[in-house]
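Here is a short set of exercises to work through with the model open beside you. Try each task on your own before you read the solution.

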Amino acid sequence: MSSDNQWSADEDEGQLSRLIRKSRDSPFVPIGIAGFVTVVSYGLYKLKYRRDQKMSIHLIHMRVAAQGFVVGAVTIGVLYSMYKDYIRPRFFNVSKK
């Protein structure tokens with residue numbers, strides 16, 4: 001093994017710096033994760049006040065809402081990426097970075 005190993009930079013990278021780097025690459029994924037955590041937290045808080053609703057129905061509704069938020073955030077991210085890479089350069093003559 002040589003000392004010029006390209007993987008050594010990844011091993012030295014901390015968790016926080018890796019998260020920041022990944023967030024810059026795809027900013028809608030952390031938004032989706034934050035929304036997921038918010039929906040689950042709200043669902044757990046409302047678990048106490050569900051009245052006569054069955055536990056399984058409450059959990060299904062909570063899961064669907066959390067998944068919907070994540071899928072929506074990722075979809076918006078993909079649409080923004082497509083706009084940035086294909087539509088904006090084609091119609092506005094902007095060079096890619």
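**Exercise 1. Read the fold along the sequence, then find what share of the residues is buried.**

Step 1. Along the sequence, the protein chain runs α-α-α-α. Step 2. Count the elements: there are four helices and zero strands, where helices (H or I, at least four residues) and strands (E, at least two) are DSSP runs numbered from the N terminus. Step 3. Check the ground rules: this is a predicted model, in which local features need pLDDT of at least 70 and side-chain atom pairs count only at pLDDT 80 or more, while totals for chains, interfaces and linings use all residues. Residues are numbered from 1 along each chain as its sequence is written, and side-chain values use heavy atoms, with hydrogens and water left out. Step 4. Of the 97 residues in the protein chain, 10% count as buried (buried means under 20% relative accessible area, exposed over 50%, partly exposed in between, with a 1.4 Å probe and protein chains only).

**Exercise 2. Follow helix 4 from end to end and describe its course.**

Step 1. Helix 4 covers residues 55–92, which is 38 residues. Step 2. From first C-alpha to last, helix 4 reaches 53 Å, close to the 56 Å expected (the expected span is 1.5 Å times one less than the number of residues). Step 3. Look at Tyr83, where helix 4 bends by about 40°; the bend is the angle between axes fitted to the seven residues ending there and the seven starting there. Step 4. Just after helix 4, Asn93 takes a positive phi of about 50°.

**Exercise 3. Find the buried residues of helix 4 and say what they pack against.**

Step 1. The buried residues of helix 4 are His58, Met62, Ala66, Ala73, Gly77 and Pro89. Step 2. Their packing partner is helix 3 (28–46). Step 3. Remember a general rule: an α-helix has 3.6 residues a turn, so residues three or four places apart point the same way. Step 4. Compare Gly68, also in helix 4, which counts as partly exposed because its relative accessibility is 44%. Gly68 and Phe36 are 32 residues apart in sequence, with 8.8 Å between their C-alpha atoms.

**Exercise 4. Explain why His58 counts as buried and list its contacts.**

Step 1. His58 counts as buried because its relative accessible area is 10%. Step 2. Leaving aside residues up to four places away in sequence, His58 touches Gly43, Lys46, Leu47, Arg50 and Gln53 (contact means heavy atoms within 4.5 Å). Step 3. Turn to Leu47, in the loop between helix 3 and helix 4: the C-alpha atoms of Leu47 and His58 are separated by 7.5 Å. Step 4. Arg51 is in the loop between helix 3 and helix 4 too, and Arg51 is exposed because its relative accessibility is 79%. Phi of Arg51 is near 55°, a positive value in a residue other than glycine.

**Exercise 5. Work out which helix gives the most to the lining of the largest pocket.**

Step 1. Helix 2 (15–25), helix 3 and helix 4 each supply at least two lining residues. Step 2. Helix 4 gives the most, with six residues.
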